[in-house]
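Here are my notes on the model, point by point. Please read them with the structure open.

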Amino acid sequence: MRAYLVRRFLFMVVGWWLLSVVVFIVIQLPPGDFLTNYIAGQEQAGTFLEREEIEALKLYYGLDRTPIEQYLFWAGRFVIGDLGRSFGSWRAAEQPVTKILAEVLPFTIILSTLALIFTYVVAIPIGIYSATHQYRPGDYFFTAVGFIGLAVPNFMLALLLMFMLFRYFGITAGGLFAPEYALAPWSVDKVLDMLKHLIVPVVVLGTAGTAGTMRVMRGVLLDELGKQYVITARARGVSERRLLFKYPVRLALNPIVSGTAYILPGIFGGNAIVAIVLSLPMTGPVLLTALRAQDMFLAGSIVMVEGALVIFGTFLSDILLALVDPRIRQERAVAA
Amino acid sequence: MTEEQAAVAAPESGAPTDEDVILELNDVRTYFELEEGTLKAVDGVSFAIRRNETLGIVGESGCGKSVTGQSILRIVPKPGDTQGNIWLRRNGETVDLASLHPSGREIRDVRGRDIAMIFQEPMTAFSPVHSVGNQIMEAVLVHESVSKQDARTRAIEVLSQVGIPEAERRVDALPHELSGGMRQRAMIAMALVLRPKLLIADEPTTALDVTIQAQILRLMQDLQKEMGMSIMFITHNLGVIANMADQMVVMYLGRVVEQGSVEAIFGEPQHPYTQALMESIPRIGLTRGERLSSIAGTVPVPLNPPEECGFASRCPKFIPGRCDAKVPDMIETSPGHHVRCVLYE
C-alpha cells in the first residue's frame, strides 16, 4: 500500500511538472512577450513608462534570460505563490493574478466538488437501477432522461431552471446571493441564501457528467451481474440485495472511481457559460476574457491551477481505488 | 451399488415415497422464451438421487445438463423458467423446489445448506476483491446465527479438510493468490462448509490439469465418504462417470435418453446415442491407425424443437416414419435400466 501511494504521489508531481511546461509554452506562444503587451496597454491608457521602469520590469519578469531560465524563474515563483500580474483584462485593472484567483477560485472549487458529488449521487443509484431492471420501462425512462441531459446545453438548462425556480418557488437563482444579502455580513441566513443559489449551478454543472457516469455504471454492472462469482454467491444462499451490493456493485465502482479524472475537466471547462448565465464568480469567464486579451499570466495561471487540481483529483481517486480494490493495494495484475 | 438399488423412474404424480430418495425430478422443463422462439434447454427430465449415491449426468455441450443442475437450485439465468416438480426431502418433509420463488427466502435457505453447487470455472468463481475466507464465511453467516469468529474457524477447518495447507493463512488470501487447483479446492470447501446433503458438481475438473483433476476427484470421493452426502456429477467425460458414479443419466437435447446403473449402461449401452458416445472414447488396445469414431453432425439447438426423437437427425439407426413421428417414450428394458428409443418399443 505504501509503495503504491508513494508511486502515485510521484506520478502526481511529474504530472504537475509536465503541465507546468505546457502552460509555460502556452504563455510564451503569443507574438511579443508579456512586457510589450503591457507597455502597449499602458500606452493606450495614456501612461508612458520610463526606460528604467521598463528595465526593472524586464528584470522582474526575467525577460532578458534564456527560455529555460525564464521557465525556472516562472515556475519557481509559481511555487511560492507569485503568479505574476494580470495586465488588466479582468475588470480592467492591472493587478496580481493571485488577487483575481482569490475572488473566483474558492467558489469554483466548492461548486465543482458539489457538482461532482451531485453527479455520483444521481448517476450511481440510477445506473444500478437501470442495470438490475434492464430493458424494463424504468431503464428506458432513465436512459432517455440521461441522453436528454447529455444533449441539452448547459446554459439552456441553467436558463430553464432559473426560470422554473423563480416562477414556482420565487427563488432568484442568478448570482451568489439575493440582493439584500449581497453586502450584508456573514450570518446563518446568508449561508442559507447562498445554498439556495447553489442549487441551480450544481445541478447544471453536475448534469453534464451524470449521463455518461450512469451509462458506465449500467454497462459495467450488467457485465458483472452475469459473472460466475455472482452465480456462486447466489448458489450459497446469499439474498439478491446483499449479493448485488457486496459483489457486482463494488466491482462496477472501479471504473467510476477512476473516471473522476475525466469528469473534473468537464466540470471546470463547463463553468464559463454557466457562470456567465448565472452571473457567478467563477474561473470560466475570467479565463475566457484573459485568453481573448492575451493576458497570458492570468490565463496560464488558471489553466495551471485547474490542471493541477485535476491531477490532484486523479491522485485522490487512485487512493480511493486502492481502498475499494485490494488487488490494487497489492500492485498485482488486475486481469481476470 | 446393486441393481435393486438402481434409480427408479419417477412416478407420474405425487412426491416420492421411497425414504432413501433425497431429491427427485419429475418432468422438469426449463424453457427460455426468446425473441427467436422457445429454447427448450431442459424438456421433461425425470430422475432421482438417493442418499450417499453419486449420480452422473453425461452429455455433449448444449444437452441441458448444466441447466438441469441450475434448475434444481433455481439459479437459471433470465429469461429461463422452470416447471415440473423438484422434490427435496428435508427435515422429514418434502418441498417442491420448482414451486418456490427463485429469489425467495425458502429457496435461499436450501441453497448452500441442503444443496450446494460447485462450478467449472475456479478462476472466476470467487469475487476477485474479497478474500476466499470471507466468501466461505458468508455461506455460514447467511444460514446460521454464529459469530464472525466462529464462522472464520469453520472456514479454516473446511479449508484444511479439502487439503489446503496453511489454512489459517490462506483463509485471508485473495482468489488470485491461489493456483487453479487450490481455488477449486477452496470452491469445494465453500460448498461443503455447511455439510449439504447433496452436492451438484458442474464439470468441476474440466478447467484443470489432468493430474490436478485426479486429485480433485479423489478428494470429492473422500469427502463424500467422510460427510455422507450425495453427489450429482455433471460432466461430458464418460471416464469420470465410470470412475465416480453409481447411477448415470445420459442427456441429449434437453431430454434423458438413457438412465440406469453405471455397470448396466457401460455393459450394454442401448440408446444409439449412448452407443455412439461409448465408441468415441479412446481405448487402450485400439488398433494403430484405426480412427476413433465420431458422431456425425452437431447437436441441434433446441429452439422450437419438432415433436420427434432429438437424436433423429444424427442417428445411424434412424427409422423414417417412427423416429420423427413423436418423442419416444421411456422404456424399462431391464430392472432399473431405462431407454428412450423406438428400437425397444
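**Notes on the predicted model**

1. Start with a strand pair in chain B. S6(B) and strand S7 (residues 198–202) of chain B run parallel and pair over four bridges. One of the links to check is B:Ile115, whose bridge partner in S7(B) is B:Leu198. Keep in mind that this is a predicted model.

2. Next, the sheet that holds this pair. It is an open sheet of eight strands in chain B, with mixed pairing. The order reads S6-S7-S8-S3-S9-S10-S12-S11. Strand S6 (115–118) and strand S11 (331–334) of chain B are the edge strands. Each has a single partner strand, so one side of each has no neighbour in the sheet. On average, neighbouring strands are turned by 20° against each other, direction ignored.

3. A helix covers the pair from point 1. Helix H6 (residues 180–192) of chain B lies across S6 and S7 of chain B. Helix H6 of chain B runs at about 170° to S6(B).

4. Now the domains of chain B. The chain is divided into domain 1 (3–114 + 196–344) and domain 2 (125–194). Their C-alpha centres lie 29 Å apart. The contact between them takes 14 residues from domain 1 of chain B and 13 residues from domain 2 of chain B. Which helix gives the most to the domain 1 side? Helix H7 (residues 210–227) of chain B does, with seven residues. By class, the domain 1 side has eleven nonpolar, two polar and one charged residues.

5. The chain A–chain B contact deserves its own look. Here 20 residues of chain A are in contact with 26 residues of chain B. On the chain A side, helix H10 (228–235), helix H12 (248–258) and helix H16 (326–329) each supply at least two residues. The largest share, six residues, comes from H10(A). By class, the chain A side divides into eight nonpolar, four polar and eight charged residues.

6. Last, a single residue in chain A. A:Thr314 sits in helix H15 (residues 296–324) of chain A. Is A:Thr314 buried or exposed? Neither: A:Thr314 counts as partly exposed, because it has 18 C-beta neighbours inside 10 Å, and buried would take 20 or more. Leaving aside neighbours within four places in sequence, A:Thr314 is in contact with A:Thr260 and A:Ala261. A:Leu264 is 50 residues away from A:Thr314 along the chain, yet their C-alpha atoms are separated by 9.1 Å.

Note on methods
Residues numbered from 1 in each chain as written. Chains lettered and ligands numbered in written order. Predicted model: local features only at pLDDT ≥ 70, side-chain atom pairs only at ≥ 80, totals over all residues. Contact = placed C-beta atoms within 7 Å. Nonpolar A, V, L, I, M, F, W, Y, C, P; charged D, E, K, R; others polar. Domains from an automatic or database assignment. Buried ≥ 20, exposed ≤ 12 C-beta atoms within 10 Å, placed from the backbone. Pairing = 2+ DSSP bridges. Axes fitted to C-alpha atoms, helices over the stretch in contact; angles between N-to-C directions.
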